[in-house]
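Here are my notes on the fold. Please read them with the coordinates open.

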Amino acid sequence: MTIERLPAGQLNACLASIPNWKYDPSAGGSISRKLVFEDFTQAFAFMTRVAFLAHEADHHPEWSNVYNKVEITLRTHDAGGLSIKDIDLAKRIDQI
């Protein structure tokens with residue numbers, strides 16, 4: 001099943017549903033979020049929970065971790081930009 005990039009008409013509504021994420025329109029679009037935790041253990045525990053969500057969704061983030069900071073970028077490479085898979089995973093991450 002081919003994943004399609006979000007149509008321009010749906011983009012604003014989808015982005016409004018994930019206000020903690022920053023949209024970058026370059027190269028077809030991506031969304032990112034920076035999180036700061038109390039310490040490395042909390043940051044790593046968060047990443048572990050996200051890893052299980054990502055594996056379940058078969059959609060994996062680009063991310064980095066330095067001590068208590070986690071940066072996440074979501075983009076559907078097969079779609080050439082932002083897809084509904086990114087929005088759905090962002091919403092699930094926000095629930096953590």
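1. A crossing is called left-handed if the near helix is turned anticlockwise from the far one by less than a right angle, and right-handed if clockwise. Keep that convention in mind for point 2. The model is predicted.

2. The crossing of helix 2 and helix 3 is right-handed. Helix 2 covers residues 40–57, and helix 3 covers residues 84–95. Their axes come within 10 Å and cross at roughly 145°.

3. Which residues make the contact between these helices? Helix 2 supplies Phe-46, Val-50, Leu-53, Ala-54, Glu-56 and Ala-57. Helix 3 supplies Lys-85, Leu-89, Arg-92 and Ile-93. By class, the contact has 7 nonpolar and 3 charged residues, with no polar ones.

4. Now the sheet. It is open, with 4 strands in the order 1-2-4-3 and antiparallel pairing. Strand 1 (22–24) and strand 3 (62–66) each have a single partner strand, so they stand at the edges, with one side of each left without a neighbour in the sheet. On average, neighbouring strands are turned by 20° against each other, direction ignored.

5. Strand 3 deserves a look at residue level. Its pairing with strand 4 (residues 69–74) is antiparallel and runs over 5 bridges. Within strand 4, Ile-72 is the bridge partner of Trp-63.

6. How do helix and sheet meet? Helix 2 lies across strand 2 (30–36), strand 3 and strand 4. Against strand 3, helix 2 runs at about 165°. Helix 2 thus appears in both settings: across these strands, and in contact with helix 3.

Definitions and conventions: Residues are numbered from 1 along each chain as its sequence is written. This is a predicted model: local features need pLDDT of at least 70, side-chain atom pairs count only at pLDDT 80 or more; totals for chains, interfaces and linings use all residues. Side-chain values use heavy atoms; hydrogens and water are left out. Two strands pair if DSSP finds at least two bridges between them. Helices (H or I, at least four residues) and strands (E, at least two) are DSSP runs, numbered from the N terminus. Axes are lines fitted to C-alpha atoms, for helices over the stretch in contact, and angles run from 0 to 180 degrees between N-to-C directions. Contact means heavy atoms within 4.5 Å. Ala, Val, Leu, Ile, Met, Phe, Trp, Tyr, Cys and Pro count as nonpolar, Asp, Glu, Lys and Arg as charged, and the others, Gly among them, as polar.
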